[in-house]
Amino acid sequence: MLEHVLVLSAYLFCIGIYGLITSRNMVRALMCLELILNAVNMNFVTFSDFFDNRQLKGEILSIFVIAIAAAEAAIGPAIVSAIFRNRKSTRINESNLLSK
């Protein structure tokens, strides 16, 4: 069971990294970042259950990561929409925020 979850987590992490590297759209980059955070959460919970199932260290740490992901899911689209309002594009390579 441990190997299956770790393979799934590694697969999600690789998809997230690939999407983050090749993405030109900011919304897609945020979605790939969510995939990476979910893969990390799966690892935390799996290793916590495998090594010491009496203590909830991995589960508590994954709750903190979920809270950070929720904040990112709330603030990220607001930043993207503000950039879209100013630049009329959500492409990463077209949004140079330092030049006007």
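Reader: Which helix helps cover the buried residues of H3?

Author: Keep in mind that this is a predicted model. H3 covers residues 57–87, and its buried residues include Gly-58, Ala-69 and Val-80. Part of what covers the buried residues of H3 is residues 26–51, helix H2.

Reader: Which residues of H3 are buried, then?

Author: Buried here means under 20% relative accessible area. An α-helix has 3.6 residues a turn, so residues three or four places apart point the same way. On H3, the buried ones are Gly-58, Ser-62, Val-65, Ala-69, Glu-72, Gly-76, Val-80 and Ile-83.

Reader: What does H3 span from its first C-alpha to its last, given its 31 residues?

Author: At 1.5 Å a residue, you'd expect 45 Å for this helix. The model comes close to that, with H3 reaching 44 Å.

Reader: And which residue follows H3?

Author: Look just past the end of the helix, where phi turns up positive, near 60 degrees. The residue with that phi is Lys-88.

Reader: Is Phe-64 buried or exposed?

Author: Phe-64 sits in H3 too. The cut-off for exposed is over 50% relative accessible area. Phe-64 has 54%, so it counts as exposed.

Reader: How about Ile-60, what is its relative accessible area?

Author: Ile-60 is another residue of H3. Partly exposed is the class between the buried and exposed cut-offs, 20% and 50%. Ile-60 is partly exposed, at 47%.

Reader: Which residues make the nonpolar surface patch?

Author: Ile-60 and Phe-64 both take part, and the patch comes to about 400 Å². The full set is Leu-56, Ile-60, Leu-61 and Phe-64.

Definitions and conventions
Residues are numbered from 1 along each chain as its sequence is written. This is a predicted model: local features need pLDDT of at least 70, side-chain atom pairs count only at pLDDT 80 or more; totals for chains, interfaces and linings use all residues. Side-chain values use heavy atoms; hydrogens and water are left out. Patches are made of residues with over 30% relative accessible area and no salt bridge: like charges are joined within 9 Å, nonpolar side chains (Val, Leu, Ile, Met, Phe, Trp, Tyr) within 5 Å. Accessible areas come from the Shrake-Rupley method with a 1.4 Å probe; for residues, only the protein chains shown count as cover. A salt bridge is a side-chain nitrogen of Lys or Arg within 4 Å of a carboxyl oxygen of Asp or Glu. Helices (H or I, at least four residues) and strands (E, at least two) are DSSP runs, numbered from the N terminus. Buried means under 20% relative accessible area, exposed over 50%, partly exposed in between (1.4 Å probe, protein chains only). The expected span of a helix is 1.5 Å times one less than its number of residues. Contact means heavy atoms within 4.5 Å.
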